[in-house]
Amino acid sequence: SPHSLGRTGIPRRLGRWPRRSSKGNSVTEIKFIDQSLRDGQQSLWGMRMRAAHSLPVAADIDRMGYSVVDFTGSSLFEVLVRYCQENPWETVDLVRGAMPTARMRAGARANAIVGMGLTPRSILELWVRTLAKHGIGSFWIFDCLFNLDQMKWMSGIAQDAGMHAAPQVMFAESPVHTDDYYANIVAEMATWGTESIILGDEAGVLTAERAARWVPEMVEAASGVPLEAHFHNTTGISTLNYITAAKAGVHILHTAMGPMANGPSMPSVTVTADNMRRLGFDVNLDESAVPEISEHFRRVDEAEGYTLGAPREYNLAHSHAQLPGGMTGTLVNQLRQYGMEDRYDELMEEIGVVREEMGYPIMATPYSQLVGIQALLNLVNDERYSVFPDENLMYLAGHMGPIPGVVAEDVQDRAFGSKRGKEFLDWEPPQPTLSEIRHQFGENMSDEELLLRFLIPGPDVDAMYAAGPAKTQLDYPETPGAMLARELMQSTTARYVNYQSAGVDMTLQRNA
């Protein structure tokens, strides 16, 4: 059997024996991880994929043969509760039930879930173990400041809960993020007993030249631990970098389907799988359902007004700000609130400068938000660094982890010259026990509700419960084109119809 049961009773996909060519040589298999339901929709739909959006195609995705189906994360939980009034635990259960064989993945920052601050370890552990209880069999762990002790601790919790733990190495361009810097991190992660390590390029800034050098060095540093490639296609280069990665020994690739691929999302599974076959790799993936799945997501896109994934031109300017895809739309909306839409290019320039002055944090959650918000405040206010959010003071004081570069002296002076800034120099992150948290929120509350109420404002959780069970089907009004097609089919028995009028040219043909 290609599966065995893990400690949680979750089907666990095992590696197949490599097939042999007609000459008897083994052929390396490329495994695929689907990101349509998690990072694809996070990058393109603002994390607003509800149960009814994914359930119609969940069984088809399950049958395709993915190594892992990435599904959710803490930020997605927050958005489902606050903006969709849908219980994320119920959503996980519904989709898990529709995917009986797939190993599903969730993830979180190593020191926080939901928000830009820090989360007590007691809640972090409860989050991991509760996800395992709901059938999540793989857990990815990231921390852009690389608190390796914290990442190792969370990896151990995930493995103890019966999950496959996958720590992630986030790529960034800066004077401090050298190949040796990353190789040391990968070598340390390779000692944790995990089944794989993820190489992530969230901002899509890994150039072809750097990839040709960087990826082989990471493979060597991993000492045989399998690596995954999770490269966003923001500048269109990641499809090529996947070829480089596969040739270098990275044989687990993250892709998405149809309108959930490309742009700030992942490369498409269709092109990537075809590339791998042309390179001589074995691709044990059934893509026959991809057109139907893609059409479903396209219909949801159109009905909800979401963004369609599309290939982009290569743009060197993107490497200055290094923003992940989801941040761009947020900052545009914030500029609009201040009536400053015409200063977008200026904001992008300021983001690159602020990142340097704040010690070159990697531009992914939460540091892309912290840098972006600080840059926006620098533009809005008369004087740069006259206002600091608490999370930025927390970061600058070192509470979030080791800052990779040197913080500009002027930034340090301004941050900790105020009364509020001085408070963070001596601040210790609180670490309440689970018993103390239960005493605060309710002794008999379920783990699921306790997590939601600790992490998300109470009124939002109340509104979610008041909205009732998650919808499993969504009914959208037919488009004018669909209504016209239906009328034409009902009005004639002809096998071929062509209809033309102002702005419409429609051809219908009946099957034999």
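What follows is a walk through the barrel, the helix contacts and a few local details of this predicted model. Since the model is predicted, local features need pLDDT of at least 70 and side-chain atom pairs count only at pLDDT 80 or more, while totals for chains, interfaces and linings use all residues. Residues are numbered from 1 along each chain as its sequence is written, and side-chain values use heavy atoms, with hydrogens and water left out.

The barrel comes up first. It is closed by 8 strands in the order β3-β4-β5-β6-β7-β8-β9-β10, with parallel pairing. Strands here are DSSP runs of E with at least two residues, helices are runs of H or I with at least four, and both are numbered from the N terminus. Two strands pair if DSSP finds at least two bridges between them. Direction ignored, neighbouring strands of this sheet are turned by 30° against each other on average. Take β6 (residues 136–142) and β7 (residues 164–170): they pair in the parallel sense over 4 bridges, and phenylalanine 139 has alanine 165 of β7 as its bridge partner.

Helices lie against this sheet. Helix α7 (residues 179–189) packs on it, touching β7 and β8 (197–201), and its direction makes about 170° with that of β7. Helix α3 (residues 74–84) lies across β4 (68–73) and β5 (104–109), and runs at about 55° to β4. For these angles, axes are lines fitted to C-alpha atoms, for helices over the stretch in contact, and the values run from 0 to 180 degrees between N-to-C directions. Contact means heavy atoms within 4.5 Å.

Next come the helix pairs. The axes of α2 and α4 (residues 88–98) come within 8 Å and cross at roughly 25°. That makes α2 roughly parallel to α4; angles under 35 degrees count as roughly parallel, over 145 as roughly antiparallel, 65 to 115 as roughly perpendicular and the rest as oblique. The crossing of α2 and α4 is right-handed, meaning that the near helix is turned clockwise from the far one by less than a right angle (anticlockwise would be left-handed). On the α2 side the contact uses Ala51, Ser54, Leu55, Ala58, Ala59 and Asp62, and on the α4 side Thr91, Leu94, Val95 and Ala98. By class, that contact has 7 nonpolar, 2 polar and 1 charged residues. Ala, Val, Leu, Ile, Met, Phe, Trp, Tyr, Cys and Pro count as nonpolar, Asp, Glu, Lys and Arg as charged, and the others, Gly among them, as polar.

For α5 (residues 121–133) and α6 (residues 148–160), the axes come within 9 Å and cross at roughly 35°, in a right-handed crossing. Here Arg121, Leu124, Glu125, Val128 and Arg129 of α5 meet Gln150, Trp153, Met154, Ile157, Ala158 and Asp160 of α6. The tally is 6 nonpolar, 1 polar and 4 charged residues.

Further along the chain, α20 (residues 447–455) and α21 (residues 458–466) have axes that come within 7 Å and cross at roughly 135°; the two are therefore oblique to each other. Their crossing is right-handed. Glu449, Leu452 and Arg453 of α20 touch Gly458, Val461, Asp462, Met464 and Tyr465 of α21, giving 4 nonpolar, 1 polar and 3 charged residues.

As for ring pairs, the whole structure has 17 aromatic pairs. Rings of Phe, Tyr and Trp (its six-membered ring) pair if their centres lie within 6.5 Å, with planes under 30 degrees apart counted as stacked, over 60 as edge-to-face and the rest as tilted. One of the pairs joins tryptophan 45 and phenylalanine 297 edge-to-face, at 6.1 Å centre to centre and 80° between the planes. Tryptophan 45 sits in the loop between α1 (36–44) and α2 (51–63), and phenylalanine 297 in α11 (residues 290–304), so the pair links parts of the chain 252 residues apart.Two backbone details round things off. The peptide bond from threonine 365 to proline 366 is cis, with omega near 0°, and proline 366 is found in the loop between α14 (344–357) and α15 (367–380). Asparagine 262, in the loop between β10 (252–255) and α10 (269–278), has phi near 70°, a positive value in a residue other than glycine.
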